[in-house]
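Me: Hi! Could you walk me through this one while I have it open on my screen?

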Amino acid sequence: MFSSIRKSLLTIVVLLVLFNALLYILYILLAIEPGAFTGTVFLHLSLIAVGSLAVSSLSIVFFTRSMTTSLKSIAGFIQDLVPGQPFNKLVSTREDEIGELAHETNQLAERTNEKFHQLSSERNRLDLVLSRIEDGIFLLDGEGIIRNINPSAETIFGINKTTSVGMSFIEAVRDYELDKPVRKCLRTKKPQQEYLDLRHRGLYLGMIATPLATEPGCLVLIQDLSRLNKLEMIRKDFIANVSHELRTPVSSIKLLSETLEEGALEDPGVSKKFLGQMIQEVDKLEGIVEGMTTLAKIESGEVRLKKKPVDIVRLVEQVTKRLQGMAAEKEQALTVVIPAEEVLVMADALQLEQVIFNITHNAIKFTPPGGTVTIRVTFDEQQVVVSTSDTGFGIDPADLARIFERFFKSDKSHSSQGSGLGLAISRHIIEAHSGRIWAEPAPGGKGSRISFSLPV
């Protein structure tokens with residue numbers, strides 16, 4: 001190692017030896033005379049030796065100082081080197097190993113920067129992928145400490161990456177059921193999969209914990225299946241509800257037809273009565289089928305809205321006239337609170353009238369005799385709001401968000417009349433008009449109020 005430096009140093013030593021030898025020879029040949037005093041000669045030789053030693057020392061110091069300066073320059077360059085940051089290359093005119101070391105140091109710095117940029121690019125791509133994944137991702141070390149999370153994990157658990165990194169997994173998610181599969185994965189080094197119904201947090205999660213291949217730790221994938229689980233529950237409720245709605249008229253028709261077959265057909269009065277009831281049940285079936293067909297067409301976009309300026313005050317008055325008779329039969333007060341002037345909206349008049357009819361008809365139907373149903377129209381520069389409130393038994397708060405689902409009935413016994421499709425159809429019509437529909441308890445805490453808004 002450092003062969004050139006050794007050669008240079010050996011050359012200096014040889015030259016110094018030869019120089020000293022030459023001085024001694026010249027002194028002996030030229031300065032020493034026969035019979036010279038021995039002490040004087042010794043002194044002269046000593047002075048020559050000291051001078052030679054001084055010259056040798058200075059030469060070696062100069063040589064080593066030059067080498068030390070170059071090495072310090074290289075060391076300072078390495079200490080100041082920041083991966084990924086621009087740097088000024090080392091400049092060295094030396095042609096020995098130190099010059100070669102400076103060149104290799106420049107090459108190493110360039111390779112380091114190149115690798116750093118490659119790793120940074122890979123990391124940026126990985127961060128981009130993680131930020132786009134809708135599933136929550138946690139990267140944990142062998143002790144269950146969070147080393148990285150993605151934005152979806154922050155959203156699902158309401159945590160912050162800055163404060164969560166460095167915490168244990170259970171400290172961040174605060175749930176033993178979630179931590180248990182992670183602990184098992186870290187302990188057994190085997191993948192774990194769980195489906196967790198965290199009802200206290202309103203979450204239904206799918207969880208996969210996979211051990212890391214190259215180091216202790218695991219990767220935790222959290223899938224928020226809450227919406228899918230809710231849709232599955234709605235699907236099950238829909239099947240149960242539609243089965244119930246269809247079963248009742250079908251069973252009635254079957255019973256009536258069997259009774260007629262067994263002999264009631266011979267009695268004109270009974271047969272006529274039974275045929276009338278069968279027609280009523282068939283009408284119910286027809287209403288259910290027609291409602292489902294209408295709803296399917298609306299959802300698929302087959303129903304084209306014929307929008308034009310419509311006076312919503314006039315529509316409310318028309319619906320009120322149609323339902324006055326029904327309210328009178330139940331001895332109910334059907335009142336209307338509307339502006340004196342017309343309120344125009346861009347809408348399909350027939351569809352919008354059907355919405356007002358459905359909502360008001362429901363209010364009358366579920367309000368006991370002697371109650372009150374009120375239709376109110378308010379508006380401003382941005383929207384018009386139509387509200388129908390009643391003094392009935394009201395809607396269970398837990399059902400307020402679901403009453404616009406098809407076949408859903410707040411009456412769990414399904415004893416109430418109607419197909420359960422009217423409000424679902426109304427919701428789709430209002431949303432097709434870029435409006436909003438909602439349900440809430442009526443003012444005063446008695447009954448319920450259903451409202452919808454449309455842009456003016």
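Reply: Happy to. One definition before we start: two strands pair if DSSP finds at least two bridges between them. Helices (H or I, at least four residues) and strands (E, at least two) are DSSP runs, numbered from the N terminus. This is a predicted model, where local features need pLDDT of at least 70, side-chain atom pairs count only at pLDDT 80 or more, and totals for chains, interfaces and linings use all residues. Residues are numbered from 1 along each chain as its sequence is written, and side-chain values use heavy atoms, with hydrogens and water left out.

Me: Great. How do β7 and β9 pair, parallel or antiparallel?

Reply: β7 and β9 (residues 372-379) run in the parallel sense, joined over five bridges. Val 336 has Ile 375 in β9 as its bridge partner, and Thr 335 stands opposite Thr 374 in β9.

Me: And what does β9 do with β10?

Reply: Those two are antiparallel, with seven bridges joining them. They form a hairpin that has three residues between the strands. Thr 374 turns up again here, as its bridge partner in β10 is Ser 389.

Me: What's the strand order in the whole sheet?

Reply: The order is β7-β9-β10-β12-β11, five strands in an open sheet with mixed pairing. β7 (333-337) and β11 (436-441) are the edge strands, and each has a single partner, so one side of each is left without a neighbour in the sheet. Neighbouring strands are turned by 15° against each other on average, direction ignored. For angles like that, axes are lines fitted to C-alpha atoms, for helices over the stretch in contact, and angles run from 0 to 180 degrees between N-to-C directions.

Me: Which helices pack on the sheet?

Reply: Helix α10 (residues 312-329) does, touching β7, β9, β10 (383-390) and β12 (448-455), where touching means heavy atoms within 4.5 Å. The direction of α10 makes about 175° with that of β7. Helix α11 (residues 349-365) packs there too, touching β7, β9, β10, β11 and β12, and its direction makes about 170° with that of β12.

Me: How do α10 and α11 sit against each other, then? What's the crossing angle?

Reply: Their axes come within 9 Å and cross at roughly 40°. The crossing is right-handed, a label used if the near helix is turned clockwise from the far one by less than a right angle; anticlockwise would be left-handed.

Me: What kinds of residues make up that contact?

Reply: By class there are 12 nonpolar, three polar and three charged residues. Here Ala, Val, Leu, Ile, Met, Phe, Trp, Tyr, Cys and Pro count as nonpolar, Asp, Glu, Lys and Arg as charged, and the others, Gly among them, as polar. On the α10 side the residues include Leu 315, Val 319 and Leu 323, and on the α11 side they include Leu 352, Ile 356 and Phe 357.

Me: Where is there a salt bridge between those two helices?

Reply: Look at Glu 353 and Arg 322, whose side chains meet in a salt bridge at 3.3 Å, N to O. The rule asks for a side-chain nitrogen of Lys or Arg within 4 Å of a carboxyl oxygen of Asp or Glu. Glu 353 lies in α11 and Arg 322 in α10, so the pair ties together parts that are 31 residues apart in sequence.

Me: Is Glu 353 buried or exposed?

Reply: Buried, at 14% relative accessibility, while Arg 322 is partly exposed at 47%. The cut-offs are under 20% relative accessible area for buried, over 50% for exposed and partly exposed in between (1.4 Å probe, protein chains only).

Me: How many salt bridges does the rule give?

Reply: The count comes to seven. Among them is Asp 179 with Arg 183, at 3.8 Å, N to O. Both residues lie in helix α7, four residues apart, about one turn of the helix. Asp 179 is buried at 7%, and Arg 183 is partly exposed at 34%.

Me: Changing topic: which phi values should I look at?

Reply: Glu 331 has a phi near 55°, positive in a residue other than glycine. Most residues other than glycine have a negative phi. Glu 331 lies in the loop between α10 and β7 and is exposed at 62%. Ser 434 also has a positive phi, near 65°. Ser 434 sits in the loop between α12 (422-432) and β11, and is exposed at 61%.
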